[in-house]
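Work through these short exercises with the structure open beside you. Try each task before you read its solution.

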Amino acid sequence: MDISVFDEDAAPLEARLHLESHETEALVERACERLGSVFGCEASVARAHAARFLTERELQRFIEENVAARAADAGLARLGIAFAGTPDVRLEGPFASSKPLVVSIIVQPIPPMTLDVRTPVSKDAARASLLRRRENESLGTRGNTTHAPIDNIDLAAEALRARLGGDIPSSLVEEAFAEKKREFLGELAADGLTYREYRIAHRVKPADVDAVLRDEAFDDLACSIAVETAFASLGLSCEEEDEQAVLRASAPGRESSLRAEFAATGKLWLLARQTRRAVTLRWVAEHLLTT
């Protein structure tokens with residue numbers, strides 16, 4: 001796989017991955033294996049089996065999206081770029097399982113920000129800041145949200161978020177807000193509610209909902225940027241045991257299968273991000289938090 005980047009300092013950053021025929025074929029095989037796992041059959045008969053439930057276009061789209069996602073995953077690992085949000089992945093030109101392929105990736109690199117990662121912060125100060133934010137959320141449209149008990153990792157995340165300095169690009173904020181709203185609407189659908197029914201029940205206007213979701217999205221984004229900035233500034237690194245700890249926390253006893261799921265869906269970049277977050281917040285909790 002060859003990788004070309006138009007401008008390494010651009011934001012967003014765009015790269016093109018150039019795959020040779022044998023690389024495309026290998027990814028198509030992996031996509032069929034994924035298809036087989038979804039439908040509970042062998043990879044060799046996955047397409048024929050899936051054709052009983054999917055249209056030809058749906059089946060083709062599944063293969064194309066899986067191939068593109070896995071290629072992008074490998075490309076992002078080689079580029080080693082810390083980015084915010086979700087990568088935009090697209091196939092360039094027609095797709096054929098036995099021919100060269102070009103996949104484009106567009107990501108929003110972590111913007112340059114200031115962050116104090118040396119001065120200790122009191123647990124009480126971090127806790128007070130976090131509780132104030134939670135209180136503001138409870139006054140908004142999501143007042144029925146229950147919060148887990150606060151631990152040192154929560155305090156570490158709040159400490160970093162509060163110390164982040166500089167302007168976050170509006171494009172990142174808007175992307176984070178759009179993703180937060182999609183998640184919110186998905187939660188409503190899972191609960192059997194429409195957006196209108198929710199607003200009637202809570203007696204809120206669309207602007208009120210958007211204001212709360214935008215605040216939550218901004219805080220989450222700021223925390224994510226702060227974590228990535230701290231990880232780089234401190235020169236931290238992730239070991240295999242760090243990744244295993246993240247997997248274990250999510251699926252005790254199923255670490256291998258969960259990692260395989262990340263790989264099969266082309267989201268090892270997300271696992272890597274979660275691992276960097278865990279390593280960074282653990283360091284902050286151990287070295288910066290004081291009583």
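**Exercise 1. Sort the lining of the second largest pocket by class, then find which elements supply it.**

Step 1. Start with the classes. In this predicted model, the lining of the second largest pocket has 11 nonpolar, two polar and eight charged residues.

Step 2. Look at the elements. α3 (56–79), α9 (240–250) and α11 each give two or more residues to this lining. The top contributor is α11, with seven residues.

Step 3. Go to the centre. The lining has 21 residues, and L268, W269, A272, R273 and R276 lie nearest the centre of the pocket.

Step 4. Add the volume. The second largest pocket holds about 480 Å³.

**Exercise 2. Describe the largest pocket in the same way.**

Step 1. Take the volume. The largest pocket has about 1,500 Å³ of space.

Step 2. Find the centre. The lining counts 44 residues, and the closest to the centre are K180, D220, L221, S224 and R277.

Step 3. Sort by class. This lining has 20 charged, 17 nonpolar and seven polar residues.

Step 4. Name the suppliers. Among the elements that give at least two residues each are β3 (83–92), β4 (101–109), α8 (206–233) and α11 (268–287). α8 gives the most, with nine residues.

**Exercise 3. Decide how α9 and α11 are oriented to each other, and list the residues that meet.**

Step 1. Read the geometry. The two axes come within 9 Å and cross at roughly 100°.

Step 2. Apply the cut-off. Angles of 65 to 115 degrees count as roughly perpendicular. Therefore α9 is roughly perpendicular to α11.

Step 3. List the contacts. From α9 come D242, E243, V246 and L247, and from α11 come L271, Q274, T275, A278, V279 and R282.

Step 4. Sort them. The contact has five nonpolar, two polar and three charged residues.

**Exercise 4. Place G165, R203 and R90, and classify each as buried, partly exposed or exposed.**

Step 1. Set the limits. Buried means under 20% relative accessible area, exposed means over 50%, and partly exposed is in between.

Step 2. Take G165. This residue sits in the loop between α5 and α6. Its relative accessible area is 16%, so G165 is buried. Beyond its neighbours within four places in sequence, G165 is in contact with M113 and T114. G165 is also 9.0 Å from A226, C-alpha to C-alpha, although the two are 61 residues apart in sequence.

Step 3. Take R203. Its place is the loop between α7 (195–202) and α8. The relative accessibility is 78%, so R203 is exposed.

Step 4. Take R90. This residue belongs to strand β3. Its relative accessibility is 46%, so R90 is partly exposed. Setting aside neighbours within four places in sequence, R90 is in contact with V102, V103 and S104. The C-alpha atoms of R90 and A68 are separated by 6.8 Å, and these residues are 22 apart along the chain.

**Exercise 5. Find what is unusual in the backbone at P12 and at R203.**

Step 1. Recall the rule. Most peptide bonds are trans, and most residues other than glycine have a negative phi.

Step 2. Check P12. The peptide bond from A11 to P12 is cis, with omega near 5°. P12 lies in the loop between β1 (2–5) and β2 (13–19).

Step 3. Check R203. Its phi is positive, about 55°, although R203 is not a glycine.

Methods. Residues are numbered from 1 along each chain as its sequence is written. This is a predicted model: local features need pLDDT of at least 70, side-chain atom pairs count only at pLDDT 80 or more; totals for chains, interfaces and linings use all residues. Side-chain values use heavy atoms; hydrogens and water are left out. On a 1 Å grid over the protein atoms alone, a cavity is a set of points where a 1.4 Å probe fits but cannot get out, and a pocket is an open set with protein on both sides within 12 Å along at least five of seven lines; lining residues have an atom within 4 Å of a point. Grid points are joined across faces, edges and corners, and a volume is the space filled by probe spheres set on the points. Helices (H or I, at least four residues) and strands (E, at least two) are DSSP runs, numbered from the N terminus. Ala, Val, Leu, Ile, Met, Phe, Trp, Tyr, Cys and Pro count as nonpolar, Asp, Glu, Lys and Arg as charged, and the others, Gly among them, as polar. Axes are lines fitted to C-alpha atoms, for helices over the stretch in contact, and angles run from 0 to 180 degrees between N-to-C directions. Angles under 35 degrees count as roughly parallel, over 145 as roughly antiparallel, 65 to 115 as roughly perpendicular and the rest as oblique. Contact means heavy atoms within 4.5 Å. Buried means under 20% relative accessible area, exposed over 50%, partly exposed in between (1.4 Å probe, protein chains only).
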